[in-house]
Amino acid sequence: MALGKKLSPLLLGLVLLVGLLAFLNWPQEQAGQTMTKKLTPVKVYEVSNKLFPVTIDALGTATANESVTLTAQVADTVTRVLFDDGDKVEAGQLLVQLNNKEEVARVAQLQVSLEEAKRQLSRIKNLASTSAASEQLLDEQQALVKSLEAQIAVANAQLDDLQIKAPFNGRLGIRRVSVGSLVRPADEITTLDDISVIKVDFNVAENHLASMALGQKVTATSVAYPGREFSGEITAIDSRIDPVTRSILSRAIINNPEAELRPGMLMQVTIEKQVLDTLVIPEEALVPNADKQFVYVVAENNVVSEREVMVGERRPGWVQIVNGLNAGEQIIVEGTLRVRDGSEVRVLNRDTLES
């Protein structure tokens with residue numbers, strides 16, 4: 001009896017150990033069947049045909065329709081300044097007057113001499129008609145009149161050189177001179193720009209040359225006006241391709257009635273090449289692998305299949321699919337890194353697609 005009592009705790013321990021081992025090794029199939037399978041949440045996009053503008057993007061520099069730096073033709077002192085910074089002026093408007101006292105006096109002197117020469121010519125003509133004066137005297141007086149007229153024309157031209165006028169309509173820049181300043185032919189007085197129309201010069205790669213044409217519409221943007229687009233058209237395409245950059249210089253004209261664009265601005269130019277009616281998907285749906293592109297297609301049973309696609313034209317955020325997809329199929333656009341071929345997923349935005 002004493003031996004039986006001593007063995008009872010040992011047997012009890014063995015029974016407990018066997019029971020524990022049996023529990024740990026018990027098949028888990030039944031437990032697994034009761035657990036809910038965790039599905040990967042994703043968002044999808046339904047493939048469809050859309051109008052897909054194919055564009056050419058380029059950087060350009062804005063220039064004025066007409067632009068000039070106003071300088072003097074001769075060295076002299078400024079006596080009058082008839083404009084302020086940034087004024088709008090018209091062609092022929094007087095802007096700066098230089099000292100012209102000597103030239104004015106010279107013209108007045110020549111004018112008096114011309115009037116006297118003309119009176120003498122008239123008198124000699126009367127005498128010649130009665131043979132009281134020789135033909136030689138008449139010819140000499142006529143030559144004197146013509147000489148004085150030519151001298152007056154030269155003097156008037158010198159007077160014009162002492163007046164700085166606007167050569168065309170436009171807007172003036174900063175004034176660089178004051179009354180009393182001595183200006184020389186190389187000295188800048190101010191600038192004049194016609195910015196009612198802005199020219200944008202930009203370079204396009206030679207592979208796009210066949211898609212360029214005069215009159216083609218363009219849009220341009222500037223960081224100075226976020227969200228604004230300025231419309232214009234191509235007015236010139238250079239006759240040569242740059243052998244270094246393999247690009248061709250083109251020019252577009254943009255109307256600028258409010259003078260918002262200014263010469264020197266950096267412009268982002270977009271040229272519409274053509275408009276395709278094609279399959280288009282978001283760029284984030286693509287999964288690159290080596291030199292190939294793949295997408296994950298979600299079937300009706302929410303099982304994912306990996307599929308290779310052929311990509312055509314691209315635009316920021318969107319790509320054209322040439323081959324590999326059909327309209328109506330759903331592809332993953334969010335969650336591509338969490339799935340594999342054969343994965344089962346939970347579509348978060350299916351109700352939105354169906355509506």
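Strands here are DSSP runs of E with at least two residues, numbered from the N terminus. With that settled, the pockets of this predicted model can be read strand by strand. Strand 10 gives the largest share of the lining of the largest pocket, namely four residues. Residues 217-221 make up this strand, and strand 2 (48-71) and strand 13 (266-282) also supply at least two lining residues each. The largest pocket itself comes out at a volume of about 240 Å³. Its lining counts 13 residues, and those closest to the centre are Thr-55, Thr-219, Glu-229, Thr-270 and Arg-315. Sorted by class, the lining of the largest pocket holds five charged, five polar and three nonpolar residues.

Next comes the second largest pocket, with a volume of about 150 Å³. Its lining includes Lys-88, Val-89, Asn-169, Gly-170, Arg-171 and Asp-194, along with Ile-195, Ser-196, Asn-256, Pro-257 and Ala-259. Two or more of the lining residues come from each of strand 4 (88-89), strand 7 (170-172) and strand 9 (188-205). The largest share belongs to strand 9, which puts in three residues. As for chemistry, the lining of the second largest pocket splits into four nonpolar, four polar and three charged residues.

Now for the charged pairs. Side chains of opposite charge can pair when their charged atoms come close. Searching the whole structure turns up eight salt bridges, and three of them are described here, starting with Lys-118 and Glu-149. The closest N and O atoms of Lys-118 and Glu-149 sit 3.9 Å apart. Because Lys-118 belongs to helix 3 (residues 101-129) and Glu-149 to helix 4 (residues 135-161), this pair ties together parts 31 residues apart in sequence. Lys-118 is partly exposed, at a relative accessible area of 42%, and Glu-149 also counts as partly exposed, at 37%.

Another salt bridge joins Glu-283 to Arg-314, with 3.0 Å between the closest N and O atoms. Here the link runs between distant parts of the chain, from Glu-283 in the loop between strand 13 and strand 14 (287-289) to Arg-314 in strand 16 (residues 304-315). Glu-283 is partly exposed at 33% relative accessibility, as is Arg-314 at 42%.

Strand 16 also takes part in the pairing of Arg-307 with Glu-329, whose closest N and O atoms are 2.8 Å apart. Glu-329 sits in the loop between strand 17 (318-323) and strand 18 (330-334), so this salt bridge ties together parts 22 residues apart in sequence. Glu-329 has a relative accessible area of 19%, and it counts as buried because that value is under 20%. Arg-307, by contrast, is partly exposed at 25%.

How values were computed
Residues numbered from 1 in each chain as written. Predicted model: local features only at pLDDT ≥ 70, side-chain atom pairs only at ≥ 80, totals over all residues. Heavy atoms only, no water. 1 Å grid on protein atoms, 1.4 Å probe; cavity = no way out; pocket = protein on both sides within 12 Å on 5 of 7 lines; lining within 4 Å. Points joined across faces, edges and corners; volume = space filled by probe spheres on them. Nonpolar A, V, L, I, M, F, W, Y, C, P; charged D, E, K, R; others polar. Salt bridge = Lys/Arg side-chain N within 4 Å of Asp/Glu carboxyl O. Buried < 20%, exposed > 50% of the residue type's maximum accessible area, 1.4 Å probe, protein only.
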